[in-house]
Amino acid sequence: MARPGFVLEVGERTPPLLVPSGDRPRLERFPHGTRVVFPAESLPAVPDLFEAVAEALVAPLDSEPLRARLRPGMRLTIVFDDLCVPVPVRQAPDPRATILQAVLTAVAEAGVDDVALVALTGLNRRLTEAELLHLTGERVFRSFFADGLLTCADAEDAGGLTDVGGGVALHTRVAASDLVVQVRLVAGVDATRGGAYALAAGLGSTATVNRLAGLAACEDPGAAEPVLAAVAAAVEVFRVDAVLDLDAYAPPAAFLAKREWEWNLQERAGWPALRRGLPYLGAKVRRRLADRVRSAYGVTAVLAGAPEAVDPAAAKLLHAQQVVDVPAQADLVVVGVGHANPYAVAAPTNPVLAAWDGVRTALTEHTGTPVLRPGGALVLYAPLTADFSPLRHPAYVDFYAEVLSATTDPLEVRDRFEDRFAADPWYTHLYRTRQAFHGLHPLHRWYQTAVARRHCGDVVVVGGDRQSAERLGFRAASTFADACEIVASSVGRSPSITYLHTPPRLIANVA
Amino acid sequence: MSGGAPGPADIDGGARRPARHRRRARVYAGGWARTKPAERARRGAQAVLVPAVTGRLAVDVNGAEHLDAVRGAALLVANHGSHLDTAVLLAALPAGRRRSTGVGVGAGYFDRWPRAAGSALAFGAFSLTRSDGRPTSTAADLLRRGGTVLAYPEGSRSVDGFLQPFTDPTAARLAIDLRVPVVPVALRGTYAAMPRGRSWPVSGRPRVRVRFGRALTPATGEDADAFSTRLHTAVADLLAEDEATWWVALRRPAAAPEPSTDGAVWRRVWRSTVPLPDPRRRSRIWRD
């Protein structure tokens, strides 16, 4: 039976707790009385994913079976989440590969010939062939890729985008399809925004995505509604959602997600060697090792049918897996920022992405009330090494060096720099032809970070590079005790402290 | 005593036969090859054999997730084009499953003692059936212990490299009696790598492909012949998928068409001996 998440109050007998910090996790002793929020254990996964999908397709929610909606001669497009979900990258076989096989088996039985697959990359980077092969599986990849029928979305392809009304431009193939089957992995609270958001953000033009993820939408989520409505009216969608469990790490790294007092002898003995050996390995070797860490996410449920019915059902199952009851808000919240980042697969996690990840985990993954009280202090554990991938994050390099050194105010960032980053021909060229994130990508992450950050007071990064912390508008500290000292003026000398013991992910339900 | 080649001995006893026939009877049943010392020796032999196979041949393995999804006892049924098939398939299996795999072969395979003993030791080979068609007990014993049995229901190697009808329903019968899943396996390129008449692979590093399919289980009330037909279709579909693509095979599920047999055996052999292309080598197009 899977144990639910719980809140532990640190006492005499509480061992040091694992805190992720980039590629060098650490064990930390928290003061007595600290509330530690542990995620739940994984719910049982479906024994046979292919059969589970086949059953869902035959008995969908609020819709005819998929087979009844297919007919020979129709144009069908299948869209699926890109590599950002889940993190870390799932070891082979990826659930999407099995789901796509099940869907395509039904499509083949219906005699549909005109089929194409599109990855919902949006302003994220294009996927490499190896990554597409990993996501879709050898069967699907070999069947469609060579003929150009398995592609990534391109938000800058003017010839490949169609106006669907309301100032919204969408992928032409998708807009012209008789039916779109959307395959989604429900792994975190982002998914509760609904599949329509993923569709619009993954297939829209740059301007369309900017309306969804720009500053206005970050400050007022309702600002994105007209875009979602236009997309929903333009495209007929059959959704297939797979809700993931919480097996965030595959062996041999599985102990990183275990409760510390349940580590076995081998794990306890290996930890000192890991902790002492990692600093000597060098940054590149550590990153390569960290990049090899894979997850073992299983699928706890498969839902299919009309998006309006699947969205709330998937959200309910996600909550059943991830929600943890937290008794009260805290004056100070601690979060570790690990190496795995949705936008840093096969790339270093730069300071901008680390800040986004830490703030998002602490301040947005809840059911309505953040764990941190308004004006409270946020303590992050992250190295904040100014290490950027010029291949994947060219816009981030300039954003960090030029924009953040001038201002951290999101309004000023938008007014002074957004047009330039959006239209820069070099960023656009790298985005369209290489594996680079779009020029607007760092700005969107910063808007989300800055808007969420308005809720809290000081942000201190333990173990973080001082220059990077200062550039981000944060403070740096060497130890947790020093961090508490820094924030003492705002939260007092005996603040209530909560540590969110992630990963795996959790959604806090604050009483 | 007839002057012809002696048949296999009855493992349940039966009439007393001369000593050399009793020795062949022990090989036939594979009893000695399943002892602990023999299994250790086999592990050592396979530790050399597997790297030798993967070094000498370029082995592509697909569909391993279907095999990983099967826990415990399993039957593998594969097409049989070459003596290389067993070595290639064993090299494609995960180490844990390989250790508990036995290879069921036709009774006639054990006519010569050195080959029989060598196969039994290196591959865990045993006779799947006796000369009267009844199954030996070795396969059932191995499956009951949670092991894996590899079988070739075509009965013998294909003459032209194409899939032949499944004439031996023993594997299907075992699956029904013991309620064990059957994983269909398609092997391509082994006929081209070492066709009939050769005892060593062709020069170069020929490419071979192993493709595992989803495990099949007998339906309620299904008999061995019907289930064997389903297995044949599954292997044929896998071969068609490997030759074209999965999507093409899915929409045209018939087995790979065979050219006319009117005096054209050489054309089928010719087609079966075309080397498989390297999937990683693709013509490069300079894109702007």
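R360(A) counts as buried, at 11% relative accessibility. Its partner D357(A) is buried too, with a relative accessible area of 8%, and the side chains of D357(A) and R360(A) meet in a salt bridge. The two sit 3 residues apart in helix 13 of chain A, so about one helical turn separates them. Keep in mind that this is a predicted model.

Helix 13 (residues 351-363) of chain A also matters for the nonpolar side of things: with 8 residues, it gives the most to the largest nonpolar core. That core has 60 residues, and those with the most contacts inside it include V333(A), L378(A), F399(A) and F421(A). Leaving aside neighbours within four places in sequence, F421(A) touches A395(A), D398(A), F399(A), V403(A), Y427(A), G439(A), L440(A) and L443(A). A second, separate core of 59 residues has A56(A), L104(A), A119(A) and L127(A) among its members.

Back to charges: the count over all chains comes to 41 salt bridges. Here are three of them.

| Pair | Closest N to O distance |
|---|---|
| D357(A) and R360(A) | 2.9 Å |
| R211(B) and D242(B) | 2.9 Å |
| R71(A) and D178(A) | 3.9 Å |

The R71(A) pair links distant parts of the chain, 107 residues apart: R71(A) lies in the loop between helix 2 (66-69) and strand 6 (75-81), D178(A) in the loop between helix 5 (172-175) and strand 11 (179-186) of chain A. R71(A) counts as partly exposed because its relative accessibility is 44%, and D178(A) is partly exposed at 33%.

In chain B, R211(B) in strand 7 and D242(B) in helix 10 are 31 residues apart, and both are buried. They also belong to a network of salt bridges whose members include E138(A), R139(A) and R142(A) from chain A, and D60(B), R188(B) and E241(B) from chain B.

Helix 10 (residues 224-243) of chain B deserves its own look. Its 20 residues reach 28 Å from first C-alpha to last, close to the 28 Å expected at 1.5 Å a residue. Buried residues in this helix include F227(B), L231(B), V235(B), L238(B), E241(B) and D242(B). What do the buried residues of helix 10 of chain B pack against? They pack against helix 4 (129-144) of chain A, along with several chain B elements, including strand 2 (74-78), helix 8 (170-178) and strand 7 (207-212).

Finally, the surface. L281(A), V285(A) and L289(A) form a nonpolar patch there, with about 220 Å² of accessible area together. L289(A) sits in helix 11 (residues 283-291) of chain A and, at 42% relative accessibility, counts as partly exposed.

Note on methods:
Residues numbered from 1 in each chain as written. Chains lettered and ligands numbered in written order. Predicted model: local features only at pLDDT ≥ 70, side-chain atom pairs only at ≥ 80, totals over all residues. Heavy atoms only, no water. Patch = residues over 30% accessible without salt bridge, like charges linked within 9 Å, V, L, I, M, F, W, Y side chains within 5 Å. Areas by Shrake-Rupley, 256 points an atom, 1.4 Å probe, with all protein chains shown as cover. Salt bridge = Lys/Arg side-chain N within 4 Å of Asp/Glu carboxyl O. Helix = DSSP H or I, 4+ residues; strand = E, 2+ residues; numbered from the N terminus. Buried < 20%, exposed > 50% of the residue type's maximum accessible area, 1.4 Å probe, protein only. Core = buried A, V, L, I, M, F, W, Y, C linked by side-chain atoms within 4.5 Å. Contact = heavy atoms within 4.5 Å. Expected span 1.5 Å × (residues − 1).
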